[in-house]
Amino acid sequence: MNILILPGDGIGPEIVSQATRVLEKFKTEGLSIQLTHGHLGGAAYDVHGHPYPEATQKLARAADAILLGCVGGPKYDTLPRAMRPEQGLLGIRKDLSLFANLRPAMLYPELAASSSLKPEIVAGLDIMIIRELTGDIYFGQPRGRRTNAAGETEGFDTMHYATSEIERIARVGFETAMKRNKRLCSVDKANVLDTSILWREVVTAMSAQYPEVALSHMYVDNAAMQLVRAPKQFDVIVTGNIFGDILSDEASMLAGSIGMLPSASLDANQKGLYEPIHGSAPDIAGQNKANPIATVLSLAMMMRYTFGRTDLADRIESGVRSVLKAGLRTGDIAMAGEPIIGTSVMGDALVAAI
Ligand code: NAD
């Protein structure tokens, strides 16, 4: 396993070092793991003058999988857009053709009370959101500013999807549904957008290849509502880049804390970038307060999706469950009055439990 470690910015180094301890533990058990280390985001800008420098590109292309912490921070907010940490993230996704973003939203029973929804609505929640990551309005050209006929400045962006882009993400959706409860909901805005009409046609056509999967379609505004009204109706959701960006953040809040949720971004050959869904949390960076669980669970996804080691993924996930069962809580998942532990003590407990 050739794994590139990119700690990134803010709390990134703190949480990634706890996940790296899990890999070191696997190494002592005889697993062949090679770790390389690099920079992405603000940390890369500081060292190399670019958020996704050539040195990192080389390492990323050579790796089988990448573990990323998170990028960004106020220190970099005034840089020109091309040099901002987030551009590093967009750059690596594009460079490695990581078009499929898998985001599970799961609620551990022990944390049911920390969700902002009633426990009976969310207890046992287990959704997988699949978001297309390299197309749509975030990358569409032309974009920019222009002066309109009335002499006013206007901003504009372009939403588009080619059939092949829709097909490859839809396939990930159907394949994932086949491994789960065989229900796939495709989310679009086909009542308004031409891009979405094509999206719906292509997804519907592909369903003939997956007769066992129950396919449904939902408009994005309804999906946003259904996610808070009755989220357990969903098994797998597949959607485009901008809708997925918003819905997956919404779904993350059902699960209690942003500090609990991992993600995977995969190419067509299961090479992947694995990272927690949260940002660099500048408000708690360097204070040993961050929850490392989302990062450790990202490692579980890496074992499952890139390396096909379901056994190791299961071990990591059941280690997390037992730590939660034992009542160990970082600040973000603690209820009022519960004792709070720091990042490194949580890391100790996770390594021991795994
Ligand atoms: P954030 O996710 O960093 O933080 C939101 C809130 O959640 C904060 O109160 C933070 O303390 C808390 N939080 C986040 N992760 C936590 C953890 N592991 N444990 C405990 N608490 C945690 O979002 P933000 O404040 O909007 O953004 C901060 C920076 O992160 C910005 O520069 C933003 O651009 C960047 N960002 C990066 C990514 C990424 O790297 N993928 C994603 C989102 C935001």
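How far does a backbone N or O atom of Val 71 lie from an oxygen atom of the ligand? That gap is 2.8 Å. Bear in mind that you're looking at a predicted model. Its protein chain splits into domain 1 (1-99 + 267-354) and domain 2 (107-257), and there's a ligand with 20 residues around it. Here's the quick tour, starting with that ligand.

**Around the ligand**

- Among the 20 residues surrounding the ligand, the nearest are Val 71, Glu 86, Gly 279, Ala 281 and Asp 283.
- Val 71 isn't alone in using its backbone: Gly 73 also has a backbone N or O atom by a ligand oxygen, here at 3.1 Å.
- Glu 86 brings in its side chain instead, with a polar atom 2.7 Å from an oxygen atom of the ligand.
- On its own the ligand exposes 810 Å², and the protein buries 67% of that.
- Ala 281, one of the nearest residues, sits in the loop between strand S12 (272-276) and H10.
- The backbone of Ala 281 is worth a look too, as its phi is positive at about 40° even though it is not a glycine.

**Two domains**

- Measure from C-alpha centre to C-alpha centre and you'll find domain 1 and domain 2 lying 24 Å apart.
- Where they meet, domain 1 puts in 18 residues and domain 2 puts in 17 residues.

**Nonpolar cores**

- The largest nonpolar core has 86 residues, and the members touching the most others are Ile 3, Leu 102, Tyr 274, Met 302, Met 303 and Ile 316.
- Helix H10 (residues 293-305) is the top contributor to this core, giving nine residues.
- Both domains take part in this core, since at least three of its residues come from each of domain 1 (1-99 + 267-354) and domain 2 (107-257).
- Zoom in on Ile 316 and, leaving out residues up to four places away in sequence, you'll see it touching Val 22, Phe 26, Val 296, Leu 299, Ala 300, Met 303 and Ile 354.
- Another core lies apart from the largest one; it has 14 residues, including Leu 4, Leu 40, Ala 63 and Val 71.
- So Val 71 turns up twice: it belongs to that 14-residue core, where buried means under 20% relative accessible area, and its backbone lies 2.8 Å from a ligand oxygen.

**Ser 196 and Lys 189**

- Ser 196 is part of helix H7 (residues 194-206), while Lys 189 is in the loop between S8 and H7.
- Why does Ser 196 count as buried? Because its relative accessibility is 4%, and the cut-off for buried is under 20%.
- Lys 189 also counts as buried because its relative accessibility is 17%, again set against that cut-off of under 20%.
- The side chain of Ser 196 reaches the backbone nitrogen of Lys 189 at 2.9 Å.
- Lys 189 has a side-chain partner of its own, Asp 221, joined through a polar contact of 3.1 Å.
- Skipping neighbours within four places in sequence, Ser 196 is in contact with Asp 188, Lys 189, Ala 190 and Phe 243.
- With that same exclusion, the contacts of Lys 189 are Ser 196, Tyr 219, Val 220, Asp 221 and Phe 243.
- For a sense of span, Lys 189 and Pro 339 are 45 Å apart from C-alpha to C-alpha, with their positions 150 residues apart in sequence.

**Ala 177 and Lys 182**

- Ala 177 belongs to helix H6 (residues 163-179), and Lys 182 follows in the loop between H6 and strand S8 (183-188).
- Is Ala 177 buried or exposed? It counts as buried because its relative accessibility is 0%.
- Lys 182 is partly exposed, with a relative accessible area of 29%.
- Contacts of Ala 177, not counting residues up to four places away in sequence, are Lys 182, Arg 183, Leu 184, Val 213, Asp 235 and Val 236.
- Ala 177 and Leu 23 are 154 residues apart along the chain, and their C-alpha atoms are separated by 29 Å.

**Backbone oddities**

- Most residues other than glycine have a negative phi, and most peptide bonds are trans.
- Lys 182 has a positive phi of about 60° despite not being a glycine.
- Gln 141 and Pro 142 are joined by a cis peptide bond, with omega at about 0°.
- You'll find Pro 142 in the loop between strand S5 (126-132) and strand S6 (144-147).

Key: Residues numbered from 1 in each chain as written. Predicted model: local features only at pLDDT ≥ 70, side-chain atom pairs only at ≥ 80, totals over all residues. Heavy atoms only, no water. Core = buried A, V, L, I, M, F, W, Y, C linked by side-chain atoms within 4.5 Å. Buried < 20%, exposed > 50% of the residue type's maximum accessible area, 1.4 Å probe, protein only. Helix = DSSP H or I, 4+ residues; strand = E, 2+ residues; numbered from the N terminus. Domains from an automatic or database assignment. Contact = heavy atoms within 4.5 Å. Polar contact = N/O pair within 3.5 Å; in protein donor to acceptor, adjacent residues only side chain to side chain. Near = heavy atom within 4 Å. Areas by Shrake-Rupley, 256 points an atom, 1.4 Å probe, with all protein chains shown as cover.
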